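Below are some notes on the model, set out as numbered points so that each can be checked against the coordinates.

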Amino acid sequence: MTETASESRPGRLPAHRVTVTGIEFLTPNMRRITFQGDTLATVSVPLPAQWLKVVLPVPEEKGRANRAYTIRHFYPGWRTMDIDFVLHGDRGPASAWARCAMVGDVVHLGNPRGGHRMEPDARWRLLAGDETALPAIASILDALPIDGIPTWVVIEVPSMDDAQPLRRSETTEVHWIARDGNHGPPGCLLEDRISSLSLSGEEGQVFLAGEAAAVKKIRRGLGRRVPQAIMDAKGYWLQGQADHRDKS
């Protein structure tokens, strides 16, 4: 989930005051930040792709940025949590903060929400999105049982340098698509690749996330192709809008 998925405004701070204890560059455009706080011992994260509000200081505005991000890993025994931040240059306050974050920095986290529930009767799965959906897709793959169900994973990233190792079984097929300067609308390459997949007419399950207009278009197309599929589709961001809130 990306930083444009929530509002930026002052207000009451969320429940968990946490400190940055680790920073790792996963790829040129994604940075993993580890947070630790005593009150995280009270948190429960039972589902993959759960998200929470991250409240960050914005010194130049003397305020705070309130953004939504997916939980990548949670270790309750150590009271630590990993969140992967997509770096968009300095266009957004959360991206700018993540690029310059240091061990010892303090932020506040809300309680987990949402999540993706696995459908036990699904005969196939599709997990698809752009780089903002990558933490959610990776967490779903980590949680999937090894059940022999065909699973397609399609992820659009800025370049192939942004591909990451993902957990997969023998029946998982992963497609990385690099934009590499492609000037088409967001998600157009993702849509093309999904349209080429041989999805069966049997009941399936879809997780789809990314740019809101692209998600809406892809979801509509899948609804015509595989009407029996259970769809979990989320617009994490909207091109040209700095304060998009998903209504799905």
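1. This is a predicted model, and a good place to begin is helix α1, whose buried residues pack against β1, β2, β3, β4, β5 and β6. The buried residues in question are A94, S95, W97 and A98. They lie on the same side of α1, because the arc they cover around the axis is only 160°. As general background, an α-helix has 3.6 residues a turn, so residues three or four places apart point the same way.

2. The largest nonpolar core has 22 residues, and those that touch the most other members are I33, F35, M81, I83, F85, W97 and L109. At least two residues of this core come from each of β1 (16–27), β2 (30–36), β3 (50–58), β4, β5 (80–86), α1 (93–100) and β6 (106–109). A second core, separate from this one, has 21 residues, among them L134, A136, I140 and L166.

3. F85 deserves a look of its own, since W97 of α1 is one of its partners. With residues up to four places away in sequence left out, F85 touches N29, M30, R31, I33, F35, Y69, A94, W97 and A98. Two of the buried residues of α1 besides W97, namely A94 and A98, are thus on this list.

4. Y69, another partner of F85, belongs to strand β4, which spans residues 63–75. Is Y69 buried or exposed? Its relative accessibility is 1%, and Y69 therefore counts as buried, the cut-off being under 20%. The C-alpha atom of Y69 is separated by 9.8 Å from that of P112, although the two residues are 43 residues apart along the chain.

5. In helix α2, which covers residues 134–143, S139 may be worth inspecting. S139 has a relative accessible area of 6% and is therefore buried. Once its neighbours within four places in sequence are set aside, S139 is in contact with P48, A49, I71 and R72.

6. Two backbone conformations should be checked by eye. A49, which is in contact with S139 and sits in the loop between β2 and β3, has a phi near 65°, a positive value in a residue other than glycine. R79, in the loop between β4 and β5, likewise has a positive phi, of about 55°, although it is not a glycine. As to their surroundings, A49 counts as buried because its relative accessibility is 8%, whereas R79, at 29% relative accessibility, counts as partly exposed.

7. How do helix α3 (residues 188–195) and helix α4 (residues 212–225) pack, and at what angle? The angle is about 10°, and the axes are 10 Å apart, which means that α3 is roughly parallel to α4. On the α3 side the contact is made by L190, E191, I194 and S195, which meet K217, I218, L222 and R225 in α4. By residue class, this contact of α3 with α4 comprises 4 nonpolar, 1 polar and 3 charged residues.

8. Finally, some totals for the chain as a whole. Its secondary structure comes to 4 helices and 12 strands, and 52% of its 248 residues count as buried. Among the contacts in the chain with a separation of 6 or more, 68% are accounted for by residues 24 or more positions apart.

Note on methods
Residues numbered from 1 in each chain as written. Predicted model: local features only at pLDDT ≥ 70, side-chain atom pairs only at ≥ 80, totals over all residues. Heavy atoms only, no water. Buried < 20%, exposed > 50% of the residue type's maximum accessible area, 1.4 Å probe, protein only. Core = buried A, V, L, I, M, F, W, Y, C linked by side-chain atoms within 4.5 Å. Contact = heavy atoms within 4.5 Å. Arc of directions from axis to C-beta. Axes fitted to C-alpha atoms, helices over the stretch in contact; angles between N-to-C directions. Parallel < 35°, antiparallel > 145°, perpendicular 65-115°, else oblique. Nonpolar A, V, L, I, M, F, W, Y, C, P; charged D, E, K, R; others polar.
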